[in-house]
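Let's take a friendly walk through this protein, starting from its surface and moving on to one of its sheets. Keep the picture at hand as you read.

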Amino acid sequence: MPLGDNLGDKSDSRYCGVETEFNDDMPHVLSYNINGGFDFVVAPLMEPGYRPSMVNSANRESSVLPFAGSDLVLSPAQWSSHVVGKISSWIDLDSDDDVLREDSEIALKQELAWASHLSLQACLLPTPKGKSCANYARCVNQILENLNNMQLWLRIPLVKSDDNDDDSVNGTSDGMVVEATDSWELWNSFRELCEHHSQLSVALDVLSSLPSVNSLGRWFGEPVKAAIVHTDSFLTNARGYPCLSKRHQKLLSGFFYYSIQIVLSGKAVHNLPVGSSASASGQTDNYTQQAQRHEIRSYLDYVGYLYQKMEPLPEQERFEARFSTRPLLNCFYKCQIFFFYSCINVDLSVIMQLGYRDFLQSPLQPLMDNLEAQTYETFEKDSVKYIQYQRAVSKALVDRVPDENASTTTVVLMVVGAGRGPLVRASLQAAEETGRKLKVYAVEKNPNAVVTLHSLVKLEGWENMVTIISCDMRCWEAPEKADILVSELLGSFGDNELSPECLDGAQRFLKPDGISIPSSYTSFIQPVTTSKLYNDVKLHKDLLHFETAYVVKLHRLAKLSPSQAVFTFTHPNYSPDKSNQRYKKLRFEIPIETGSFIVHGFAGYFDAVLYKDVHLGIEPTTATPNMFSWFPIFFPLRSPMYVKAGSPLDFHIWRCCGSTKVWYEWCVTSPTASPIHNCNGRSYWVGL
């Protein structure tokens with residue numbers, strides 16, 4: 001049964017599995033564990049004593065392999081939904097022993113062929129036995145080339161030794177002993193040899209001791225599908241029940257958030273009070289009437305308690321939880337949250353279920369394309385954004401007109417890029433709130449949106465206050481100068497939707513002492529590990545997609561370093577030498593305790609000052625709460641960049657301007673050099 005319900009969460013982390021020993025009575029294994037509260041089993045497929053070399057060569061063709069029962073002992077649905085195959089742990093494809101190495105290759109292929117025949121969703125591969133895993137990876141890579149949709153989970157112990165104890169050893173929860181330096185290096189070497197195959201994932205062995213917080217953080221950008229928690233890792237609370245350390249609790253919360261499934265492994269090591277029927281969390285045990293309570297049910301109860309203790313997802317994130325991998329409509333990215341809001345009459349939080357975690361979308365072409373009605377509808381629902389705009393306009397009006405002149409002075413305000421009118425409404429509400437008189441020009445190039453604007457003005461009775469201009473702001477000649485210029489032209493990276501170019505042209509409407517809202521904005525960027533996005537871009541098998549900056553609701557990633565400021569634009573800008581071309585070199589220093597890591601690309605954000613102390617943005621440390629109009633931007637690297645522990649990462653980015661387009665170019669120069677991406681805007685650009 002699922003661990004519980006957490007508001008807004010429909011992720012796979014609700015389901016908890018258990019690692020079992022070999023048993024040829026699979027119906028009993030499944031029944032005992034499912035009735036004991038678990039959702040699936042990680043079960044050996046082959047009798048552990050089997051070795052291909054021990055089978056008589058004369059009888060090899062006719063011998064029956066000692067699998068854990070026929071495929072008929074369970075229904076196809078049971079095999080697929082409730083069983084993860086566990087490949088024999090004795091397998092060592094990099095052994096110096098020729099017989100063991102050959103036996104290992106034969107057995108691995110036999111077991112995975114059987115798992116594929118059973119239509120299992122995943123198989124757990126044993127941990128590589130040493131630092132060298134080339135032959136193991138070669139064999140797995142061969143299998144991956146012809147594998148169906150099954151995932152292969154490579155078992156990796158979650159360890160990272162300090163520099164002064166590189167000779168230490170650690171054990172995985174399946175009893176295997178591996179050299180313990182940094183297990184991430186073992187995983188990285190294996191997946192590099194397998195060419196970052198999308199069906200190769202990780203199952204982390206969570207042991208009683210944990211690496212540093214920074215070191216753990218790397219794994220959240222990797223394709224971790226499961227975390228195997230051994231009963232030996234549990235402590236004992238004051239009442240005699242199993243519990244986990246604070247660090248383990250925090251780690252499991254991270255696993256839950258990133259939809260990583262928990263698998264419990266091992267025997268019960270706690271002597272529970274006689275007659276106990278509930279966990280230390282105080283949860284009711286629904287299985288107390290069972291004739292045979294599962295021996296590690298108390299551990300499962302505790303994991304369920306931690307899951308249900310999680311805080312609900314914020315409202316703007318609940319949409320991410322369910323449909324995170326594929327689109328329903330191909331529309332502008334600014335419609336990706338509520339793209340068929342206009343088609344169904346349900347509330348905001350329900351629409352948010354239909355989300356786009358880690359779904360790549362090409363950025364908007366704001367001057368070349370006109371938005372659709374459903375796109376406008378979507379983002380007019382972002383009340384937080386318009387509240388901030390209203391606050392900014394209110395402050396500007398009060399500064400512009402003293403209280404004693406409020407009844408006699410009319411402020412001229414121009415909304416450039418008025419859309420269907422939300423900024424017009426926010427501005428008029430600000431005028432009403434402050435008791436100022438306002439004359440509004442609403443300039444909009446989209447003739448379809450202008451139709452809606454006219455209807456809105458007539459409906460609200462604004463005819464004497466609002467003048468609608470159906471024209472591109474670059475072509476309009478204003479009849480008078482404005483006191484305040486309001487725009488909503490920001491992109492995920494601040495300037496990536498041509499706000500600088502548009503506002504530089506529109507500032508001719510302003511009086512010399514006029515106010516622009518926003519008054520400035522700054523882009524930010526940081527290196528990230530995100531195997532999911534890298535593999536999604538890689539699927540296209542071309543250069544163009546690796547040289548495109550994507551708008552994406554980032555989820556499965558590791559943020560390797562705090563973001564740094566990139567480009568800043570200020571409005572109005574009366575500098576005689578103004579240019580919107582920019583170049584920035586940034587050096588990211590990653591704490592050495594993080595260990596080595598892979599950079600798949602760079603995540604970009606913005607922060608804007610609307611007016612004085614009123615800001616708006618998505619930069620993680622200062623992000624405006626409960627706002628969903630912008631997702632971050634992602635600049636991919638054509639090849640993942642390996643960075644050794646303690647090495648700095650040097651990143652370069654250019655904002656280039658031509659007569660017909662604006663584009664970005666980017667590259668890494670340290671620790672090794674990458675190609676300059678998107679040279680001359682050959683793959684990605686924004687048209688003027």
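About 28400 Å² of the protein is exposed, and carbon and sulfur atoms supply 51% of that area; accessible areas come from the Shrake-Rupley method with a 1.4 Å probe. This is a predicted model, in which local features need pLDDT of at least 70 and side-chain atom pairs count only at pLDDT 80 or more, while totals for chains, interfaces and linings use all residues. Residues are numbered from 1 along each chain as its sequence is written, and side-chain values use heavy atoms, leaving out hydrogens and water.

Of the 688 residues, 57% are buried, meaning under 20% relative accessible area (1.4 Å probe, protein chains only). The protein has 16 helices and 28 strands; these are DSSP runs numbered from the N terminus, with at least four residues for a helix (H or I) and at least two for a strand (E).

Now to the sheet. Five strands form an open sheet in the order E15-E14-E13-E16-E17, with parallel pairing; two strands pair if DSSP finds at least two bridges between them. E15 and E17 stand at the edges with a single partner strand each, so one side of each has no neighbour in the sheet.

| Edge strand | Residues |
|---|---|
| E15 | 466-470 |
| E17 | 510-517 |

Helix H12 (residues 422-434) packs on this sheet, touching E13, E14, E15 and E16; contact means heavy atoms within 4.5 Å. The direction of H12 makes about 175° with that of E14, on a scale from 0 to 180 degrees between N-to-C directions of axes fitted to C-alpha atoms, for helices over the stretch in contact.

Terms used. Buried < 20%, exposed > 50% of the residue type's maximum accessible area, 1.4 Å probe, protein only.
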